[in-house]
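Here are my notes on the two-chain model you sent over. Have the structure open while you read, and click along as we go.

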Amino acid sequence: MAFAQTRRYLRDMGLVTLFYIASVFVAGVVSKRMEPGALRILVALIPLPSIAWMAYAEMRRLRRRDELRQRVEVEAMTIAFAVSFCVIVMLTFLDLFGALKTSLPVAGLIMAVCWLAAQIWVRLRYRYWA
Amino acid sequence: MNNRVRELRSSSGWSQAELADRLDVSRQTVNAIETGKYDPSLPLAFAIARLFGESIEAIFIPGK
């Protein structure tokens, strides 16, 4: 059961990941050669549908999981959202008040790291301490 | 909540993986239920009770 689910998930995510990489490449190359304006914004947003597709694939994966794994995922996402939100708000204030210069792309990285750390934490908790 | 899932599974001669297959859940879920780290949902508790031919109250005992 788990192997079939993993294969299905990889099939779902593999295609969209390739599409995402291709769209980021195309958007990056094309938009840099364009004059600033609405069309350039549209081109820069080309990767957006593949990100939405990834989110949909992730939701489908979550729905296929059994109840304990769903709980683990939801708890991990809740913790990750709370922690990453606090960190991003803190960095925003530091940036606003000139204490530390940060860039917007770091927010995605913070969210990803928090999500991974929360996944590990919640899984270990249910395995050893819950 | 305490439960007799491990005892019933052992007496049926099933591994955790076999029980997980019969209940359509992961082996980790069976392990978490057996060790008391996770209390199953009502539908899963009914499925466990049905599988072992016992009532829910005979398998899941309110405790801690």
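Which backbone oxygen does the side chain of B:Asn3 reach? Keep that in mind for point 2.

1. Some housekeeping. This is a predicted model, so local features need pLDDT of at least 70, side-chain atom pairs count only at pLDDT 80 or more, and totals for chains, interfaces and linings use all residues. Residues are numbered from 1 along each chain as its sequence is written, chains are lettered from A and ligands numbered from 1 in the order in which they are written, and side-chain values use heavy atoms, with hydrogens and water left out.

2. Back to the opening puzzle: the side chain of B:Asn3 reaches the backbone oxygen of B:Ile33, at 2.7 Å. A polar atom of the B:Asn3 side chain also lies 3.0 Å from the backbone nitrogen of B:Val5. B:Asn3 itself sits in strand 1 (residues 2–3) of chain B; helices (H or I, at least four residues) and strands (E, at least two) are DSSP runs, numbered from the N terminus. Leaving aside neighbours within four places in sequence, B:Asn3 is in contact (heavy atoms within 4.5 Å) with residues including B:Glu34 and B:Phe60.

3. B:Glu34 is worth a click too. This residue forms a salt bridge with B:Arg9, with the closest N and O atoms 2.4 Å apart; the rule is a side-chain nitrogen of Lys or Arg within 4 Å of a carboxyl oxygen of Asp or Glu. Since B:Glu34 is in helix 3 of chain B and B:Arg9 in helix 1 of chain B, the pair ties together parts 25 residues apart in sequence. B:Glu34 counts as buried at 10% relative accessibility. Buried means under 20% relative accessible area, exposed over 50%, and partly exposed in between (1.4 Å probe, protein chains only).

4. Over in chain A, A:Arg65 and A:Glu73 meet in a salt bridge at 3.1 Å, N to O. A:Arg65 is buried, at 16% relative accessible area, and A:Glu73 is buried as well, at 2%. Another pair is A:Asp95 with A:Lys101, at 3.8 Å; here A:Lys101 is exposed, with 74%, and A:Asp95 is partly exposed, at 26%.

5. Now find A:Asp66, in the loop between helix 3 (48–64) and helix 4 (67–96) of chain A. A:Asp66 is buried yet has no salt bridge, and the nearest side chain of opposite charge, A:Arg69, is 4.9 Å away. (Lys and Arg count as positive and Asp and Glu as negative; His and the chain ends are not counted.) Look across to chain B instead: the side chain of A:Asp66 reaches the backbone nitrogen of B:Ser26 at 2.5 Å.

6. A:Asp66 also touches B:Asp24, an oddity in its own right. B:Asp24 has a positive phi of about 60 degrees although it is not a glycine. Most residues other than glycine have a negative phi. B:Asp24 is exposed, at 53%.

7. Last stop: helix 4 (residues 42–52) of chain B. Its buried residues are B:Leu44, B:Ala45, B:Ile48, B:Ala49 and B:Phe52. Seen down the helix axis, they fall within an arc of 140 degrees (taken from the directions from the axis to the C-beta atoms), so they line one face of the helix. The face turned away carries the exposed residues B:Leu42, B:Pro43 and B:Arg50.

Key. A polar contact is a pair of N or O atoms within 3.5 Å; within protein, one must be able to donate a hydrogen and the other to accept it, and residues adjacent in sequence count only if both atoms are side-chain atoms.
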